[in-house]
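Student: I have a structure to work through. Can we take it step by step?
Tutor: Yes. Here it is.

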Amino acid sequence: MKRILVAVDGSDSSLKAARMAADIALRFGAKLTLVHVVPKLLLPPDVYGLTIAEVEKEHRAYADRLLEKAVESIEEPSVEVDTAVLYGAPAEAIAETAAATDVGMIVIGSRGHGAVARMFLGSVSDRLVHISPKPVLVVH
Ligand SMILES: Nc1ncnc2c1ncn2[C@@H]1O[C@H](COP(=O)(O)OP(=O)(O)O)[C@@H](O)[C@H]1O
Ligand SMILES: [Mg+2]
């Protein structure tokens, strides 16, 4: 296991997933890559009174802050951690990135920000489990 991919959206569930991934990485001597996917815009940017470039810049800054907080939440100083911002449909973008040969597994939270208590999995974790080319650990 060379590299473990962790999908983070800033939710408690994803930070818990990141800590478990770090624990596993420590035991395997693996590296961690934390990824956050910036979804496609739901509305044209002029609805927000902004240009596409401005909206993309805001999204990028938001993603960078979110990833930085996730890195800080990992308490394994001996694990090498890097980050990547991806764009598009979250599950698809994560699955595509996980196809890289050095990725051994993906760790993801069971739910995210849109948590509905009666749901077993969120939409991203549910879809990823179905389409992932690599093993997926879903952290409850
Ligand atoms: N945009 C995203 N980028 C990276 N990971 C994500 C993203 N959205 C969700 N995830 C991952 O998927 C997990 C489950 O979230 P999700 O399926 O979106 O649940 P919900 O439907 O409750 O929001 C999160 O804990 C996180 O690990
Ligand atoms: Mg979500």
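Student: What makes the pair formed by G109 and an oxygen atom of ligand 1 a polar contact?
Tutor: Keep in mind that this is a predicted model. A backbone N or O atom of G109 lies 3.0 Å from an oxygen atom of ligand 1. The cut-off is 3.5 Å between N or O atoms, so the pair counts as a polar contact.

Student: Which polar atom of V37 pairs with a nitrogen atom of ligand 1, and how far away is it?
Tutor: A polar backbone atom of V37 is 2.9 Å from that nitrogen atom. That is within 3.5 Å, so this pair counts too.

Student: Why does H36 count as well?
Tutor: Here a polar side-chain atom of H36 lies 3.4 Å from a nitrogen atom of ligand 1. The limit is 3.5 Å, so H36 makes a polar contact.

Student: How much of ligand 1 does the protein bury?
Tutor: Taken alone, ligand 1 exposes 550 Å². The protein buries 90% of that.

Student: Where does ligand 1 sit?
Tutor: Ligand 1 takes the space of the largest pocket. Elements giving two or more residues to the shell around ligand 1 are α1 (12–28), β2 (31–38), β4 (103–109) and α4 (123–131).

Student: What classes of residue make up that shell?
Tutor: Eight are nonpolar, 12 polar and two charged.

Student: How much space lies in the largest pocket, and which residues are closest to its centre?
Tutor: About 490 Å³. Of the 24 lining residues, D9, R111, G112, H113 and V124 are closest to the centre.

Conventions:
Residues are numbered from 1 along each chain as its sequence is written. Chains are lettered from A and ligands numbered from 1 in the order in which they are written. This is a predicted model: local features need pLDDT of at least 70, side-chain atom pairs count only at pLDDT 80 or more; totals for chains, interfaces and linings use all residues. Side-chain values use heavy atoms; hydrogens and water are left out. A polar contact is a pair of N or O atoms within 3.5 Å; within protein, one must be able to donate a hydrogen and the other to accept it, and residues adjacent in sequence count only if both atoms are side-chain atoms. Accessible areas come from the Shrake-Rupley method with a 1.4 Å probe; for residues, only the protein chains shown count as cover. On a 1 Å grid over the protein atoms alone, a cavity is a set of points where a 1.4 Å probe fits but cannot get out, and a pocket is an open set with protein on both sides within 12 Å along at least five of seven lines; lining residues have an atom within 4 Å of a point. A molecule sits in a cavity or pocket if more than half of its atoms lie within 2 Å of its grid points. Helices (H or I, at least four residues) and strands (E, at least two) are DSSP runs, numbered from the N terminus. Ala, Val, Leu, Ile, Met, Phe, Trp, Tyr, Cys and Pro count as nonpolar, Asp, Glu, Lys and Arg as charged, and the others, Gly among them, as polar. Grid points are joined across faces, edges and corners, and a volume is the space filled by probe spheres set on the points.
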